[in-house]
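Let's take a look at where the ligands sit in this protein and what empty space is left over. Have the 3D view open while you read.

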Amino acid sequence: MRTDTYQHPDHYLVDELLTEEHRLIRDSVRQYVKKELSPIIEDYAQRAEFPRHILPQLGAIGAFGPSLPAEYGCGGMDQIAYGIIMQELERCDSGIRSTASVQGSLVMYPIYKYGSEEQRRKYLPKLATGEWMGCFGLTEPDHGSNPGGMTTHFQDKGDHYLLNGAKMWISNAPFADIAVVWAKDEAGKIRGLIVERGMEGFTTPETHNKWSLRASATGELVFANVKVPKENLLPNISGLKGPLGCLDSARYGIAWGALGAAMDCYDSAKQYALQRIQFDKPIASFQLIQKKLAEMLTEITKGQLLCWRLGVLKNEDRATTAQISMAKRNSVEIALNIAREARQIHGGMGITGEYPIMRHMMNLESVVTYEGTHDIHLLITGMDLTGISAFR
Ligand code: TGC
Ligand code: FAD
């Protein structure tokens, strides 16, 4: 069992940009992670198992839908608080952050934003505590980067909808109580439906043999003539902008979160370099090791400032999709680079579960692909600056 000796890097005193409330939230989540998650995460990842017992704990610390309104049992916090919580969770493991960001940004957010008042009251309070868990079904086997091509569809059968199709790579699917599913109606319009576990014809087979996000449960959603009650349609949205709007929120959380993984790798590498003796000296005394650490900290610092500024813009409702894309892409890229450099600093020990490095590195290989791949985010930025879409 690993003792968590993490020390947060803050070279530019970014903490001073946070409010007292932000710092309190950060400290309480960090304390929770150190006490409850860090000691167990490596074992769960090695066993490729999601620690389900932590779900009520994540609910209790406010990790599910923290920036949604308190009247639905949610945190009522601002966007920076949301980012900080995702960062502290991903500092432990991207899979834990994944569970929380899917629940908050991809399940609770669309129910809040696009749902009816009855749907909000029925689902949000239970999702906020973790009593119910949700998943988000957008990606299909043949439609990943291009979700608009989806073939999952439903027909209006008078008193219900009949849903057919399949979704793939769905985080939380194997244990989710509900799924927010994006499917085409008879006119080919994309709509959102809330599908509940237990509905006949709805199954969620688990995806096995992952080398990445091993402590997160991933699965398929299969719909074989599922009768979905009409009141389960999200009434206030139609078109691809529905799911893409949710992605803006989740990608924002990942921008903060991936930096958490980067900071954990950096901190572990720094501590290791100061203790590890070679040629009768700590390896931290060699210029090549210092170069690695200095470059890591420089990228982390730039990332911290980018995320903080994006949080301010998001609080003011001014953050654009392209700004969010840039931050998600940047954070994951630097986190992957930092994980690789940190692995080298740890030498052979870096490949073992004694240190968190390889787990972060493998996790980040999913993070760089989901919520829009690295190249899709580059193209979103390219489209924003040229006005020309290069997707097709
Ligand atoms: P395009 O024609 O550009 O847009 C279609 C409509 O959507 C609007 N729109 C947005 N609205 C809100 N937020 C956004 N971010 C939006 N982006 C676009 C757009 O204005 C348009 O509206 P309207 O009214 O004109 O219809 O769409 P496109 O088909 O060309 O695709 C654009 C592209 C490639 C950027 C988009 O499809 C995309 O982002 N692809 C990546 C797919 C993706 O990110 N999938 C993620 C699946 S969920 C996931 O991975 C969860 S992992 C979670 C975890 O475990 O943490
Ligand atoms: P593809 O779209 O087939 O892309 C393959 C390659 O082609 C990529 O490098 C891509 O950048 C490139 N490419 C594609 N189009 C273009 C283009 N126009 N120009 C240049 N290059 C292009 N989805 C959900 O809906 N819900 C979830 O909860 C969820 N969780 C996930 C969890 C995990 C662990 C993983 C791995 C994925 C998850 N996803 C989820 C799916 C994820 O969003 C998709 O994997 C991602 O959008 C990419 O789709 P794809 O895998 O089909 O790759």
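Start with the lining of the largest cavity: by class it has 8 nonpolar, 3 polar and 5 charged residues. Keep in mind that this is a predicted model. How many cavities of 30 Å³ or more does a search of the whole structure find? Just 1 turns up, and the space in the largest cavity comes to about 140 Å³. To find its centre, look for His 8, Val 14, Leu 18, Gln 87 and Trp 256, the closest of the 16 lining residues. Helices H1 (20-47), H3 (79-92), H6 and H7 (287-315) are the elements that each give two or more residues to that lining.

Now for ligand 1. The space it takes is the largest pocket. Two elements, helix H4 (94-114) and helix H6 (241-275), give two or more residues to the shell around ligand 1. Which helix gives the most to this shell? That's H6, with 6 residues. So many names can blur together, but H6 is worth colouring in your viewer: you've met it in the cavity lining and again here.

In total, 26 residues surround ligand 1, and the closest are Ser 98, Ser 171, Arg 251, Glu 371 and Gly 372. Sorted by class, that shell holds 11 nonpolar, 9 polar and 6 charged residues.

Ligand 2 has 17 residues around it, with Phe 136, Thr 139, Ser 145, Trp 169 and Thr 373 the closest. The space taken by ligand 2 is also the largest pocket. Strand E3 (160-171) and helix H10 (374-386) each supply at least two residues of its shell, and E3 has the largest share, 3 residues. The class count here is 8 nonpolar, 7 polar and 2 charged residues.

Here are polar contacts of both ligands, side by side:

| Ligand | Ligand atom | Protein partner | Distance |
|---|---|---|---|
| Ligand 1 | nitrogen | Gly 245, backbone N or O | 3.5 Å |
| Ligand 1 | oxygen | Gly 372, backbone N or O | 2.9 Å |
| Ligand 1 | oxygen | Arg 392, polar side-chain atom | 2.9 Å |
| Ligand 2 | oxygen | Leu 138, backbone N or O | 3.0 Å |
| Ligand 2 | nitrogen | Thr 139, side-chain N or O | 2.7 Å |
| Ligand 2 | oxygen | Ser 171, polar backbone atom | 2.9 Å |

And how much of each ligand gets covered? Taken alone, ligand 1 exposes 1100 Å², and the protein buries 72% of that. Ligand 2 on its own has 980 Å² of accessible area, of which the protein covers 67%.

Conventions
Residues numbered from 1 in each chain as written. Chains lettered and ligands numbered in written order. Predicted model: local features only at pLDDT ≥ 70, side-chain atom pairs only at ≥ 80, totals over all residues. Heavy atoms only, no water. Near = heavy atom within 4 Å. Polar contact = N/O pair within 3.5 Å; in protein donor to acceptor, adjacent residues only side chain to side chain. Areas by Shrake-Rupley, 256 points an atom, 1.4 Å probe, with all protein chains shown as cover. 1 Å grid on protein atoms, 1.4 Å probe; cavity = no way out; pocket = protein on both sides within 12 Å on 5 of 7 lines; lining within 4 Å. Sits in = over half its atoms within 2 Å of the grid points. Helix = DSSP H or I, 4+ residues; strand = E, 2+ residues; numbered from the N terminus. Nonpolar A, V, L, I, M, F, W, Y, C, P; charged D, E, K, R; others polar. Points joined across faces, edges and corners; volume = space filled by probe spheres on them.
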